[in-house]
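Trainee: I should like to request a close look at a single part of this model.

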Amino acid sequence: MNTPRTFPRTFPRLYDDLAHLWPILSPPEHYIAEAAVLRGLIEKHFAGSPDQRQSVLELGAGGGHTLVYLADDYDCTAVDLSEPMLANCRRLVPEAQTVAGDMRSVRLNKTFDAVFIHDAVDYMLSESDVKQALETAAAHLNTGGLCVIAPTYTRETFIDGEVADDGTTTDSQELTYFSYVHDPDPADDTFEMILLYLIRENQTRAVEVIEDRHTCGLFSNAQWLKWMGDAGFDARHEEVDAGVDEPWSLFVGSNTPSS
Ligand SMILES: C[S@@+](CC[C@H](N)C(=O)[O-])C[C@H]1O[C@@H](n2cnc3c(N)ncnc32)[C@H](O)[C@@H]1O
């Protein structure tokens, strides 16, 4: 399936003309443990609150691979920059509201009980990007609500040269991918994730090799906490078990009435 590209070349192809690969390459099952952690945080935060269905906003919700595990119990809204990713989300989580927008600037003119920015926050490349995204989160959170920011890596958890690979077969294709993360310039605030996709058509047995380079932000725990504080959150850092070798670093905040 070929979809015309809709973004400048610097936008990762995985979220653009190759967005149809997302559910195959990073299937919803990969998000079960992380969604369970987020659910646990919501339950803990709202324990003792009046019994009502909470509303959840995910900024950069992609294909909805987290929201699909929350949508039965929460009213979910998905914002993403990429329309092809939101189309994936609508197929997987039809009950979620979807809105195209940039997490640095979108304003929905409504507020939610919980706001998440999960792995999409990796695409915030500078202090200015992060601060704008956190201001968006703050602008959409009810007073006393829950905000969770979950970058894939922080400076403290980054593994330079980490390699991962996986593969899967559909009726028409065999997809193999490799990912490699590295930090070309430790003095700046970014790292690069290089993805290679090998797509073999079952019928022709021809293999197409596609390289997709993603530039991502890399910040320290102290920076995340400082910037969450600047955005009005009373924030803490938590390291939780999300079913992989390394603990998952989360930045969890609330906007108390006095903040
Ligand atoms: C790793 S994917 C997110 C996957 C998602 N957690 C899921 O459950 O499928 C990263 C997403 O961030 C989105 N993104 C990148 N920059 C963004 C921005 N400035 N505003 C909103 N979304 C953005 C991409 O379009 C992509 O869908």
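Trainee: Where is R205 found?

Mentor: The model is a predicted one, in which local features need pLDDT of at least 70, side-chain atom pairs count only at pLDDT 80 or more, and totals for chains, interfaces and linings use all residues. Residue numbers start from 1 along each chain as its sequence is written.

R205 lies in the loop between β8 and β9 (strands are DSSP runs of E, at least two residues, numbered from the N terminus). The phi angle of R205 is near 65°, a positive value in a residue other than glycine. R205 counts as exposed because it has 8 C-beta neighbours inside 10 Å (exposed means 12 or fewer other C-beta atoms within 10 Å of its own, buried 20 or more, partly exposed in between, with C-beta atoms placed from the backbone).

The strands on either side of this loop belong to an open, antiparallel sheet of four, in the order β6-β7-β8-β9 (two strands pair if DSSP finds at least two bridges between them). β9 (207–217) is at an edge, as is β6 (163–169); each has a single partner strand, so one side of each is left without a neighbour in the sheet. Neighbouring strands are turned by 15° against each other on average, direction ignored (axes are lines fitted to C-alpha atoms, and angles run from 0 to 180 degrees between N-to-C directions). β8 (residues 190–201) is also joined to β7 (residues 173–182), through ten bridges in an antiparallel arrangement. Within this sheet, T176 stands opposite L198 in β8.

A further case of positive phi is N109, near 60° and likewise in a residue other than glycine. N109 is placed in the loop between β3 (97–100) and β4 (112–117), and counts as exposed because it has 6 C-beta neighbours inside 10 Å.
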